[in-house]
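Trainee: I have the model open and would like to know how its terms are earned. Could we go through them together?
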Amino acid sequence: MLKEKYGAEIAEILSHYPVKRSALIPLLYLAQQDEGYVSEAAMKEIAQMLRLTPPQVYETATFYTMLNLKRVGKFHLQICKSLMCALVGSDTVIGWVKTKLGIGPGETTADGLFTLSTVECLAACGTAPMMQINEDYYERLTEETFDRILADLKKDGTCSLKTGPFMWPEAPRAQ
Amino acid sequence: MPKHELILLKNMMQPGYTGSLQDYERAGGYQALRKVVGKVPPADVTTTVMKSGLRGRGGAGFPTGVKWGFLPKDYQGPRYLCCNADESEPGTFKDRQLIERDPHQLLEGILLACYAIGAESAYIYIRGEFVLGARILESAIAEARAAGYAGENILGTGITANVWVHRGAGAYICGEETALLESLEGKRGLPRVKPPFPATHGLYNKPTVVNNVETLANLPHIISRGPEWFSAIGSPPKSTGTRIFCVSGHVKRPGNYEVPMGVTFRELIYEEAGGMRSDKPLKAFIPGGASAPFLTPDHLDVKLDFESVAAAGSMLGSGGVTVMEEGTDMVWAALRLMEFFYHESCGKCSPCREGSSWLVQTMRRIVAKRGRMEDLETLVDLCKNIAGRTVCAFGDAEISPIMSTLKHWRPEYVLLIHEAEAANLIHLKRTMAQP
């Protein structure tokens, strides 16, 4: 039950809005953070909390691509395939996943570690090709960095190649 | 030294600048807020912004001060400010940098806007993928609250301005202002029928202003240095100030470049972004995000301001400039963007929902060399039946990749179809030759 586990967080979220329903997406995120996906039980509980009907919660939850209604792997690889990334090789990156992990878009590895999704623009066009893994961005991918990211994630659950506060180009322009 | 004076990117370009409250204050931050809150009547702040000529940086380019002026003057209930940080237009990545590297600049802009329009609550609607950006904003808000710049009783004046971060969840359409409001209300992000406009019936049906990140980030500078200073930059009178252009694609140095409006695409692409990445010449570029029609090398000397780009048959849009070199398959490029629009159509209006699916199928057939000559008419016919027949501007946007590539590179479509026809003939001949 979310309410018992995250009482303080829920109260904080609700305090931001004069109308309860506005808390719906933040609460769905909370449920996803808890279980790794948004379960039916969680949606029912959230409906009750916000005085909505379960279908009202479901109709919102199904609209947004970042809310997973099914379980995904521990690391959710989301590779941008929009034109700006495609111009500089995002299809190649998708190919690496196929050869290195043996999964295509929408599939999860047998060990449940990696799920691949191809997604539309993630606002990192200047540092393409790129992907998002769970909460982190990885940009200007090469085969070398890609291998390192996968290895680090398997080993440590995190990778130092993730992008920090974004600025590109990095250095002041020399004129 | 950069050739042009930087305004929005100035602080973050300083070595060692972290974006903390301390750094921002040291760079002169929050002086604009101190200058006006409780001292200058809110209506005068609006007038100042009107005089500066600042226009919305999200895509439509609507004058910001005029937008604020639409709020009902005698309304007593709550009003809201929403900062549109749902940066999702393919080719655009400037807001992300403004948020993550100089969050207080944006925050000061938000607080100034709150003061001008009399809003006690502001929501920053940030795209869900920007987890880091949302965290940075949260801690910047906490810093500003502790220092008395935000929250209840700002700077001891008794004025309230609470700022909240609200994360979206991966829908492009929520960048459209009424879809953003629906989403913020916890619903599916479907654009509303206008009128009524958000100025009178916005968030929770209350008067609301929705402004883009870059628009709001300009406010502290306009207030500090005066509207005359701002309106002299760029190409006045209609396109004032600088803009951050996001250059992507086949250039040497892709990235964010802040230049005064009115410089040419040639300067932006060949000087700022270092020119083409290889010896292949430029074949095409998109001037303002995926929604803007493609332009050709003939348009390189067009000026980067709202009117000039519109006169060239495209739009300045969100400032996302995508460059393509010789050898790029334009039909494929149009298909890639069409697939984006197909994926992101919210499904409210039939012309867009059904039309985008039909367009993608037809385009895929042509690219796979199974097209027919009639398909070209089908494409044009579909596009004409989408544009202007939808609730929001998405319908007009989604047809621009196909319509503009058909206009400038029609022979590429025809060639693919001829190849399909030739393959058919060979196949026919073979089957007839066999007994």
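Mentor: Gladly, so start with a crossing. In which hand does α4(A) pass α5(A)?

Trainee: α4(A) passes α5(A) in a right-handed crossing. What makes a crossing right-handed?

Mentor: The near helix is turned clockwise from the far one by less than a right angle, whereas an anticlockwise turn makes a crossing left-handed. Before we go on, this is a predicted model, in which local features need pLDDT of at least 70, side-chain atom pairs count only at pLDDT 80 or more, and totals for chains, interfaces and linings use all residues. Residues are numbered from 1 along each chain as its sequence is written, while chains are lettered from A and ligands numbered from 1 in the order in which they are written.

Trainee: At what angle do α4 (residues 40-50) of chain A and α5(A) pack?

Mentor: About 120 degrees, with the axes 8 Å apart. Axes are lines fitted to C-alpha atoms, for helices over the stretch in contact, and angles run from 0 to 180 degrees between N-to-C directions. Both elements are helices by DSSP (H or I runs of at least four residues; strands are E runs of at least two, and numbering starts at the N terminus).

Trainee: Which residues of α4(A) meet α5(A)?

Mentor: A:Met43, A:Lys44, A:Ile46 and A:Ala47 do, and their partners in α5(A) include A:Pro54 and A:Tyr58. Contact here asks for C-beta atoms, placed from the backbone, within 7 Å. The residues of this contact divide into 7 nonpolar, 1 polar and 1 charged.

Trainee: What makes a residue count as nonpolar?

Mentor: Ala, Val, Leu, Ile, Met, Phe, Trp, Tyr, Cys and Pro are nonpolar, Asp, Glu, Lys and Arg are charged, and the others, Gly among them, are polar.

Trainee: How many residues does each chain give to the contact between chain A and chain B?

Mentor: Chain A gives 39 and chain B gives 52. The side of chain A that touches chain B has 26 nonpolar, 8 polar and 5 charged residues.

Trainee: Now chain B: what is the strand order in its open sheet of 4 strands?

Mentor: The order is β8-β7-β10-β9, with mixed pairing. β8 (255-260) and β9 (282-286) of chain B are the edge strands, because each pairs on one side only.

Trainee: Why do β7 (residues 242-249) of chain B and β8(B) count as paired?

Mentor: DSSP must find at least two bridges between two strands; β7(B) and β8(B) have 6, in the antiparallel sense, so they pair. In β8(B), B:Gly255 is the bridge partner of B:Val247.

Technical notes:
Contact = placed C-beta atoms within 7 Å.
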